Amino acid sequence: MGGVSTSPRHPGSPDTDAPADAPSGTGTDAPAAAAGHGSPAVPAVPAADPDRVARLRAALLAAGFTADGLLELLGGPAYSALARSETVPALRATRGGGPLPTLVRLFLLQQSVPASRAAAVLPLDDALADGWLVGEGAADEAGSVRATVDIRPYGGPDGQDWWIVADLGCAVGGAGGIGARHEDVVLGVGGASTTLAGITVRKPVARALDLGTGSGIQALHAAQHATRVTATDVNPRALAFTRLTLALSGAPGADLREGSLFEPVEGEEPYDLIVSNPPFVIAPQAAPAEGDAAGRLTYREGGMSGDDLCRTLVERAGEHLADGGYCQLLANWEHREGEDWQERLRSWVPAGCDAWIVQREVQDIAQYAELWLRDAGDHLAGRDVYEARYAAWLDEFEQRGTTAVGFGWITLRKSGAERPHVQVEEWPHPVEQPLGEEVEGHFARQDFLRDTDDAALLDLHFRLADEVVQEQVGMPGAEDPEHVVLRQNRGMRRASKVDTVGAGFAGVCDGSLPAGRILDAIAQLVGEDPVILRDRTPEAIRLLVGQGFLRPVPDAD
C-alpha cells in the first residue's frame, strides 16, 4: 500500500470495501506528527538479505504463522477483531504460549516476549541483525525482544501462504485510529486493498504497474500473472516494505521506482494492467490553526483539492495503457450541489477507453469527516482540537459545494472504440468476491452488444446463466404477479425486473432455439403480433445480456 503525490518527488480502501477501509496512499508535505500523538523516531525498515529472509519464511511456516493457522488459533471473533486492529481478544487467545502465540504477540500485537521464547521459534540472530526484532533489557537470554514491523499472514488466491510487511500497529481500523503518525507511515493490508485485489482482472499479462504500492499487496498479486511488475510510490519507505513483502512471500521481485502518479514511467512502453489504491481521502487543504500541529496523513491524502487526485489518475491512465489493457482503482468522489455525480465521473474517462464505475457507498459530509477524523485518532486529541479539525473539514466541503462523498471502483479498458461504453451505476448491495472474472466478462459483453445489431441478436441462441432464480411479487391470491424479478446468486448478485415476456423468454433460453423463434412462440401464446414483439424486445434482451443474465451460445446451429 502506498501513494502518489501531486508535487515533485517526496524527500523522504462477505464484501469489505466501505470507506472505512483506508486507502493505501502516501501523499506529500505532511508534518512528522500530529498534536496529541508525539513525534517518535521513525523506525528503520528491516534489511532484505535473501538468505536470511528465506530462513525467516521457513520459520514462520514451521510455526503455522499463516492465515489458516491464525484463524485456527484465534477463532473467528478474535480473528475478525484483529483485522479491525482490535487486539484484546487476540491477547486473551495467546496467553498459553507456544510458537504460534509467540509470533502473534510479536508481530501482530506489539508485545515484547522473552528472548528465549523468540529463539525457540525464529532465527533470532538473523532477525536481530536485519532489524526485524530489537532487544530490550539485558543482552542475554534473560532479556526480551520486540518486533519493529507488522508481519501479517495473508492467504493467496490459490492457497499460497503470503505475508504483508508494514509499520507496526498500522493495520486499518481500531478505536484509537492508526498506530503511528510519522509522515512516511506505511499501512498493511486492509479491506480496501483486499477489495481491489478481488476485483482485479487476473489474466496473464506481460507488463503490470502497481501505482502507489505501499506495503506491496497489489504487486504481490500481480507477480503471479504478470511477466514484469513495476511498483511505484512517492514514499521510498513504502518501496522498502514492498521489497520485504515480496521477498518474505517468496514472490518474484518487482521493478521498484520512486515518484508521483505516472512520473516514474513517463515515456515508457504501456502496461497491460494498472492497479492503484491511491490516497483517495478528500481532506482539508488549509493550513492548521495556530497551535494545532495536525498535518496531512500521507498514506491517505494525496495533496490535491477535493477529488482531483482520483480524477487526474483516471484521466491520465489511458495514455499508459496498452490496447486491451485494464486500469483498476478505488476512489472517492464528491457529490456537488447542482451537478450530476454520474456525469462528473463520465467526464473523467479518457478517450478510447470503455469504463465501468460502481458507486458502493455514499456518506454525507458530516459522516465522512467523522470517519476519517477517527481513523487518524483525532477524536482523542481533546474536545477543542477535535471540533476545530472537524470544522476545517466542513469548511472546505462548503466552499466547493460538496454535499456528500461517494466511494467505489473504477475500471477502464483501452478498447479504442469509436463509441466507448461508459457505465456509471450505484450498487450498494453485497457482492461475491473475487470479481475479476466478472469484470472481464462485463467488458466482453459490452463488446458483443456493440458489435451485434438487433437483427443479428434475434438470430442468436442464448442460455440463462447459472444460479439465476425468478421471484414473483404480488398480492397473495392474485392471479398474476405485479412484477417478476430475475436474481443472480453469484458475482454482482444483480436483480432485474422483467415483464411477462421477458420472464418467459429468459425461462426457455437453453441454447436450443434462436431468440427470434422463441419470441414468435411467445407472441402466439400471448396473442401479440410477432413483428411488433420482435421490434420491441431486443432492448430487453440487451439489458439481460449486459447484466450477465443471458449468455450467447457460441457456434449454435
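In this predicted model, Asp-255 counts as partly exposed, at 22% relative accessibility. Its salt-bridge partner Arg-257 is buried, with a relative accessible area of 17%. The two fall into separate classes because buried means under 20% relative accessible area. The closest N and O atoms of Arg-257 and Asp-255 are 2.8 Å apart. This pair belongs to a network of salt bridges that also takes in Arg-228 and Glu-268.

Other charged pairs can be found in the chain, and a simple principle helps in reading them. Side chains of opposite charge can pair when their charged atoms come close. The count for this model comes to 34 salt bridges. One of them joins Asp-167 and Arg-237, with 2.5 Å between the closest N and O atoms. This pair ties together distant parts of the chain, as Asp-167 sits in strand E5 (residues 161–167) and Arg-237 in helix H10 (residues 236–248), 70 residues apart. Asp-167 and Arg-237 are both buried. Another salt bridge brings together the side chains of Arg-300 and Glu-301, at 2.5 Å from N to O. Here, too, both residues are buried.

Stepping back to the whole molecule, the protein chain holds 20 helices and 19 strands. Of its 557 residues, 54% are buried. The accessible surface of the chain comes to about 23200 Å², and carbon and sulfur atoms account for 50% of that surface.

The interior can be approached through its nonpolar cores. The largest has 67 residues, and within this core Trp-393 and Ile-410 have the most contacts. Strand E10 (residues 321–336) supplies the largest share of the core, seven residues. Apart from this core lies another, of 39 residues, among them Leu-60, Leu-82, Phe-107 and Leu-244. Leaving aside residues up to four places away in sequence, Trp-393 touches Val-281, Ile-282, Ala-283, Pro-284, Arg-300, Tyr-368, Ala-369, Trp-372 and Leu-373. Arg-300 on that list is the residue already met in the salt bridge with Glu-301.

Strand E10 also takes part in an open sheet of eight strands, whose order is E8-E7-E6-E9-E10-E12-E11-E13 and whose pairing is mixed. Strand E8 (255–258) and strand E13 (422–426) stand at the edges with a single partner strand each, so one side of each has no neighbour in the sheet. From one strand to the next, the twist averages 20°. Within this sheet, E9 and E10 pair in the parallel sense over five bridges. Tyr-271 has Leu-321 of E10 as its bridge partner.

A helix lies across part of this sheet. Helix H11 (residues 308–317) has Leu-309, Cys-310, Thr-312, Leu-313, Val-314 and Ala-317 buried. The spacing of such positions can be read with the geometry of the helix in mind. An α-helix has 3.6 residues a turn, so residues three or four places apart point the same way. The buried residues of H11 pack against strand E6 (205–211), strand E9 (271–276), E10 and strand E12 (402–414). H11 lies across these four strands and runs at about 160° to E10.

Two further sets of strands complete the picture. In the first, strand E3 (residues 144–147) is joined to two partners. Strand E1 (residues 113–114) runs antiparallel to E3 and is joined to it by two bridges, with Val-113 opposite Val-145. Strand E2 (residues 133–136) is also antiparallel to E3, and four bridges join them; here Val-134 has Arg-146 as its bridge partner. In a regular strand the side chains alternate between the two faces of the sheet. In E3, Val-145 and Ala-147 make up the covered face, while Ser-144 and Arg-146 make up the uncovered one.

The second set is an open sheet of three strands, ordered E18-E14-E19 with antiparallel pairing. Strand E18 (510–514) and strand E19 (550–552) form its edges; each has a single partner strand, so one side of each is left without a neighbour in the sheet. Neighbouring strands are turned by 35° against each other on average, direction ignored. Strand E14 (residues 461–464) pairs with E18 over two bridges in the antiparallel sense, and Asp-510 in E18 is the bridge partner of Arg-463.

Notes
Residues numbered from 1 in each chain as written. Predicted model: local features only at pLDDT ≥ 70, side-chain atom pairs only at ≥ 80, totals over all residues. Heavy atoms only, no water. Core = buried A, V, L, I, M, F, W, Y, C linked by side-chain atoms within 4.5 Å. Buried < 20%, exposed > 50% of the residue type's maximum accessible area, 1.4 Å probe, protein only. Contact = heavy atoms within 4.5 Å. Salt bridge = Lys/Arg side-chain N within 4 Å of Asp/Glu carboxyl O. Pairing = 2+ DSSP bridges. Axes fitted to C-alpha atoms, helices over the stretch in contact; angles between N-to-C directions. Areas by Shrake-Rupley, 256 points an atom, 1.4 Å probe, with all protein chains shown as cover.
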